[in-house]
Amino acid sequence: MSQTITAPAPVAAGNRTLRWTRRNAAVVLIYGITAALVIVASIMSPTFRDVANITDVLRQSIVLGLVTIGQLFVILAGGTDMSVGMAARVVGLGVAVALTSTMLPPILVIVLGLLAGALIGLLNGLLVARFGAQPFIVTLGTMGVLYGLALAISDGPTGMVPRSVVAIYEMKIGPLPASVIVMAMLWLATWWVLRSSRFGRATYAVGGSPSVSRLAGLNVNRVLILTYTISGVCAAAAGIFLLARSGVGNPNMALGLEFQSIVAAAIGGVSLYGGRGSLVGALGAVLLISVISNLFDLFQISAYFQDLTLGVIVVLAVAIYRADKNK
Amino acid sequence: MSAPLLRLNGVKKAFAGVPALKGVRFELAAGEVHALAGENGAGKSTFIKIISGAYTPDAGTIEVLGDSFDTLSPKQARELGIAVVYQEFNLLPELSVAENMFLGRLPGGRLSGYSARRAEASAAALLERLGSHLEPSRLVSELTVAEQQLVEIGKALALDAKVIIMDEPSTVLANDELGRLHDVVNRLRAEGRGVIYISHRLDEVLGLADRVTIFKDGEHVLTAPTGEMTHDSLIRNMIGRDLVDFFPDRTATAGADLLRVDGLSVPEKIFDVSLTVHSGEIVGVAGLGGSGKTTLARALVGLEPRSAGSVELAGSPAPRTPRSCARAGLVMVPENRKAHGIFAGHSIAFNLTLAALDRLKSLMLISRKKERELIERSMAELDVRPKAPALDIAKLSGGNQQKVVLARWLSGNPRVIVLDEPTRGVDVGAKSELYTLVESLTEAGAGILISSSDVTELLGMCDRILVFHEGRLVDEFDRADATEESVIRAATIAPRAEPAGKTPRG
Amino acid sequence: MNDKVITEPKGSTPARRAGGGRLLDWLSQYAAFSAVLLTLAVAAIVAPAFFSPGNIRTVLIQTAILGIVVLGQTVALIGRGLDMSVAAVMTFAAVFVIQSAGSGNWGLLLVQLVLLVAAVGLANGLLVTWRGVPPFVATFALLIVVDGARLAYTRGQSAGSAPQWLKEIGSGSLLGVPIPVLIWLVLLGVFLVALNKTTWGRWLYAVGSNRESARHIGVPVSTVVISTFLITAASAVVAGVLLSGYLGYVDNTLGSNYNLNSMAAAIIGGVAFTGGRGGVIGASMGALLLAILMNLLVVMGLDIFWQQIVQGAVLVIAVVIQGLRARRAEGS
């Protein structure tokens, strides 16, 4: 498993811009496409360029954004978390039921919901780190279990959410929804953690090579478990946000988030084999996906074609994506 | 001289009953560069792994800075200040130079994040001591191999390692980068650190090191100041004297052309290579690691893209895929047995028959009877031990694994067999058996091309020896005029045939 | 050490033996079989109704349909891949079937099904071999595309009834054996021979075990990998058609549980997710286990969500057993 490095690209030390562009081709591409799409849509549709719609796009990006942040940690450390969508659903439904049927204060319910997410993530992390289970398949298994739990909680719309929780979605600070501002801060915080904290650097190191990381004295298992826990918390937060948006616990909520978040990371230039990629690209991909689904709605593309279109985009994106053969 | 940094005595290690080290001793003083020399299989890498804690010795003592140990754990070794710079770097390409150097101990508070500035300043200071101005914020993936090597050495300094082991550091470098490496080693010596320097380049051993220790077949041969040694005495001690009857007599005579290579090139790896192998002939290819001899072996059977030139097999153009090459009778036994040769976790039987399935069919299906016959015949012919076809091949010794990998092809009666490092990791007994086997193949009319960094092997086995240097064929020797020294000189020292350009080192 | 291993029983793909870890070895080899016995014992106590002839027949038919998907999934896993698009392919195949029930154009149906297999199998195979996309991403992407294509094709109106002849195949018997079970057993035999007695089968194990070694001895690695995805798609089509015949109707959720179940069955049946090891017998035992478990939950009158929980848990347990075993083998 030790990293063999052969034939490095000789790059002139001076030419930093070029070097950066070459390394971050996926990032440049994703923002280019997003910008082009936004410009074209703005010209074609006055509704799209409306400030209210733009803030709506940003607000729509929050659910996927939250899940992608968690997924990013897991993928950078060399794993995959397939359970995020169902974790969001279980927490969303659970919180909805608890808010309706117990007298607990909403804030406490929400905190408990986030804790439940952490617990789910911790379990995934333990399975992967301590038992050597293959991440994709084992989280697929927990996804199945969580799906069953969601059905157990409710198979129909459930729970009336109090105003105070709906406010999470609706509250505004100036013209911007508070949630968008909080989300932006979360992205910033994640960016800082990945770039400048010891845990962030360890995440990259473990994803790059667990054996080298171990040799360097890093606690590989702890890093792995922590990444899955973060992912679980993020998924729980996404579930709670979805609940605040719809006002009622929807048993079909959070459908497909696991794959959308993996795809967001992949087309944002993050290596699915771990250890390489940036948050900036993943953010671009999240925005792109939000813009596309907004345009679907604006142009009233039939729901039956939306999935197909999205699917084709995903296939093209992963086909363009080139796996690094280092690993 | 004060107490040595490191002293090993009577160190023994055997693998599955095959001894790799038979009680060697070694000593390293502060401020000393101590070269460790010996042929492949002499026990050098086992020895390093014992010092670095990767292996547990069967017997002997390890003394570090006066403290005596029976064995070291990797962590212990690290804490005692022992660092190894392997040929394959242990670096994380997506992290910066500074992060690689300080990974696991990044400076900074728990909540404040690590201080990139402090890490980079410390890294810069360490690199400065190595005489380098490498920017510590650069990503390792952007660096040249020489720069990456420097980062590895920097990692050792970051641990304040007293003992730095460098495993063939020069093989990955181009000639003009060697000077800088030697400068770095000299600086380490000046700081009072001890360097164990492993190299096949004899002039390097003589020019750089203070003392040299030679191992042979797991035994200590000598330790002497380099001033008292010459190229000849080094080589003589590395080979030993009693090698004459180790190799079978060559009885086959060269016949018609079997393999004719003309102007073969592989982009960025080998250039304009022409050679011929006749029926009944064994041709050797000598060269250092990275000289292109492995690429040649791979290109011949279609595992590397050919950009120019032609390959003819018995007069007709050779196919370009491994499968059609095998069908035409041109086969290769790869250098890296574990990664490219065997299917670990599968039985000997599975490994043995995989290339011969076409011949095992009756009524479209693989016949168990024919399969069993082939397995029994092959295992008997090559004397694979233990004779248990259902055994996981990974449990066999290197020599027996190699027999299986070779036997896989032999049932198809190949015309040309390319062997890349055929006896690497193979014990002496099995070596001799493999040599006899190869010799018998030529008697049956096959042509053999052996690519090897073990010059003794080439001298013992081959009718002709071709020498590779930096991707080109630079020299050719007949069996009669080849000597160990002349071949090594051609492979290591500035080539005769190459046009001037690189400065020869003296 | 060596002497001990020689006594190991001879088999076409002898399992790797690690020092210690006997329980793990045993578990991973016989997990499915022993779990089947255990489940049957539990059934005898808690739900005797399980053993009614009618119910046994149901279980066998469900085993057969899952078992056919598992055959394909096993091939994919042996080649160090997996296929997440089987569920979507099953449902799409069933949609073609109900359409043909209206038109009666069986030739067209055959062409549609063959094209479905070719398109999905090749797309998956090329993404994995040519573009180096991890199999789970490639096949998941195809899952979305195939589901999306089906929705676009039917405008969401997937519901319908299977043609009469197919209903007869799906629920009929020959010599007292349900026809789907016969088809499954025949296919099982074909896969058994193909995996153990043909060049392709040996190549598949080689490719799954060590791609580079396989390339060195001339195995056409990409072709073999692509073939695995064609086979998973084909097995999904066969299963989808049979399932629609057995149920008599088709809806949007027809194949939805089969991704998870087929993987859980194969892995609990000893097929290694790391490639190169396992076989269709163990995997079929896994299919039997899952079918029994699912049915037992129904017979016991438990809520439908228990099925989800149990199949997820089976997958988790199967992967953990294999993970621990692989870790132990590495350590020794």
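Here are some worked exercises on a predicted model, covering chains A, B and C.

**Exercise 1. Work out how the radius of gyration of chain B fits the rule for a compact globule.**

Step 1: Start with the length, which is 506 residues for chain B.
Step 2: Feed that into the globule rule, 2.2 Å times the number of residues to the power 0.38. For chain B the expected radius of gyration is near 23 Å.
Step 3: Now look at the model: chain B has 24 Å, so the value agrees with a compact globule.
Step 4: For the extents, the C-alpha trace of chain B spans about 70 × 50 × 50 Å along its principal axes.

**Exercise 2. Do the same for chain A, and find what its radius of gyration should be as a compact globule.**

Step 1: Chain A has 327 residues, which puts the compact-globule radius of gyration near 20 Å.
Step 2: The model gives 20 Å for chain A, so this one agrees as well.
Step 3: Its C-alpha trace covers about 60 × 50 × 35 Å along the principal axes.

**Exercise 3. Describe the make-up of chains A and B: secondary structure, burial and contacts.**

Step 1: Count the elements. Chain B holds 17 helices and 22 strands, while chain A comes to 15 helices and four strands.
Step 2: Check burial, where the cut-off is under 20% relative accessible area. Buried residues are 58% of the 506 in chain B and 54% of the 327 in chain A.
Step 3: Turn to sequence separation. Take the contacts in chain B with a separation of 6 or more: 66% of them come from residues 24 or more positions apart. In chain A, 79% of the contacts between residues at least 6 apart join residues at least 24 apart.

**Exercise 4. Characterise the surface and the charges of chains A and B.**

Step 1: Get the areas. Chain B has an accessible surface of about 19,800 Å², and carbon and sulfur atoms own 50% of it. Chain A exposes about 13,700 Å², with 69% supplied by carbon and sulfur.
Step 2: Tally the charges. Chain B carries 59 positive and 66 negative side chains; chain A has 20 positive and 9 negative charges.
Step 3: Locate the centres. In chain B the two sets have centres 5 Å apart, whereas the mean positions in chain A are 19 Å apart.

**Exercise 5. Is E168(B) buried or exposed, and what does it touch?**

Step 1: Place the residue: E168(B) sits in the loop between strand 7 (163-167) and helix 6 (175-190) of chain B.
Step 2: Its relative accessible area is 11%. The cut-off for burial is under 20%, so E168(B) counts as buried.
Step 3: Skip residues up to four places away in sequence, and E168(B) touches K44(B), Q87(B), I198(B) and H200(B).
Step 4: For a distance check, go 94 residues along the chain to D262(B); its C-alpha is separated from that of E168(B) by 33 Å.

**Exercise 6. Which residues of chain B does S196(A) touch?**

Step 1: Find S196(A) in helix 9 (residues 178-196) of chain A.
Step 2: At a relative accessible area of 13%, S196(A) is buried.
Step 3: Look across to chain B: S196(A) touches G113(B) and Y114(B).
Step 4: Back in chain A, the side chain of S196(A) makes a polar contact with the side chain of R195(A), at 3.0 Å.

**Exercise 7. Compare two residues with positive phi, D160(B) and E268(B).**

Step 1: Read off the angles. D160(B) has a phi of about 55 degrees and E268(B) about 65 degrees. D160(B) is not a glycine, and neither is E268(B).
Step 2: Locate D160(B) in the loop between helix 5 (145-158) and strand 7, and E268(B) in the loop between strand 11 (257-266) and strand 12 (270-278).
Step 3: Classify them. D160(B) is partly exposed at 39% relative accessibility, whereas E268(B) is exposed at 76%.

**Exercise 8. How far apart are V299(C) and V46(C) in sequence and in space?**

Step 1: V299(C) belongs to helix 13 (residues 280-299) of chain C.
Step 2: In sequence V299(C) and V46(C) are 253 residues apart, yet C-alpha to C-alpha they are 9.6 Å apart.
Step 3: Leaving aside neighbours within four places in sequence, V299(C) is in contact with A47(C), A49(C), F50(C) and N55(C).
Step 4: V299(C) counts as partly exposed, at 27% relative accessibility.

Technical notes: Residues are numbered from 1 along each chain as its sequence is written. Chains are lettered from A and ligands numbered from 1 in the order in which they are written. This is a predicted model: local features need pLDDT of at least 70, side-chain atom pairs count only at pLDDT 80 or more; totals for chains, interfaces and linings use all residues. Side-chain values use heavy atoms; hydrogens and water are left out. Helices (H or I, at least four residues) and strands (E, at least two) are DSSP runs, numbered from the N terminus. Buried means under 20% relative accessible area, exposed over 50%, partly exposed in between (1.4 Å probe, protein chains only). Contact means heavy atoms within 4.5 Å. Accessible areas come from the Shrake-Rupley method with a 1.4 Å probe; for residues, only the protein chains shown count as cover. Lys and Arg count as positive and Asp and Glu as negative; His and the chain ends are not counted. The place of a charge is taken as NZ of Lys, CZ of Arg, CG of Asp or CD of Glu. A polar contact is a pair of N or O atoms within 3.5 Å; within protein, one must be able to donate a hydrogen and the other to accept it, and residues adjacent in sequence count only if both atoms are side-chain atoms.
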